[in-house]
Amino acid sequence: QVQLAESGGGLVQSGGSLRLSCAASGRIRSIDRMGWYRQAPGKERELVAVITPAYTTNYADSVKGRFTVSRDYAKTTVDLQMNSLKAEDTAVYYCYAGATVGPVERVELYEYWGQGTQVTVSS
């Protein structure tokens, strides 16, 4: 089992910045991908940014050039630096971790989620 603890959410003015952090605990050695998703009221959960063990990153088109995802293997954390925030960025942000578990003959993939942290951007 993997547990994810998020911090850094809050209220910020349009054009401002926030930095979200997520710390993993439990069976952390099994973690592969880590990243962030978000869900705004009335909308589906969407990918924000994901980073692989090789530090390859994927970003939603709406945040490219403004958000940066990073991870620290020693501290077992993944961060999201959010700059030039817009009202459209208002959402609950969820930390994500993907894990590979089991022997080679029956490898299984698992997904873990944090409890979510609210980010509100005022106009």
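What follows is a short look at the disulfide and the strand pairing in a predicted model.

Local features here need pLDDT of at least 70 and side-chain atom pairs count only at pLDDT 80 or more, while totals for chains, interfaces and linings use all residues of this predicted model. Residue numbers start from 1 along each chain as its sequence is written, and side-chain values use heavy atoms, with hydrogens and water left out.

Start with the sulfurs. Searching the whole structure turns up one disulfide, the term being used for a pair of cysteine sulfur atoms within 2.5 Å. The two partners are C22 and C95, with an S to S distance of 2.0 Å. The angle about the S-S bond comes out at -85°, and the link of C22 and C95 is left-handed. Since C22 sits in strand β3 (residues 18-26) and C95 in strand β9 (residues 91-101), the pair ties together parts that are 73 residues apart in sequence. Strands (E, at least two residues) and helices (H or I, at least four) are DSSP runs, numbered from the N terminus. Both ends of the link are tucked away: C22 is buried at a relative accessible area of 1%, and C95 is buried at 0%. Buried stands for under 20% relative accessible area, exposed for over 50%, and partly exposed for anything in between, using a 1.4 Å probe and protein chains only.

Strand β3 also turns up in an open sheet, where four strands run in the order β1-β3-β8-β7 with antiparallel pairing. Pairing takes at least two DSSP bridges between two strands. At the edges are β1 (2-7) and β7 (67-72), each with a single partner strand, so one side of each has no neighbour in the sheet. On average, neighbouring strands of this sheet are turned by 15° against each other, direction ignored; the axes are lines fitted to C-alpha atoms (for helices, over the stretch in contact), and angles run from 0 to 180 degrees between N-to-C directions. The antiparallel β1 and β3 are joined by six bridges, and V2 stands opposite G26 in β3.

On to β11 (residues 117-122), whose side chains alternate. T117, V119 and V121 point to one face and are buried, whereas Q118, T120 and S122 point to the other and are not. Strand β2 (residues 10-13) runs parallel to β11, with four bridges joining the two; here L11 stands opposite T120. Strand β9, home of C95, runs antiparallel to β11 and is joined to β11 by three bridges. In that pairing, Q118 of β11 is the bridge partner of V92.
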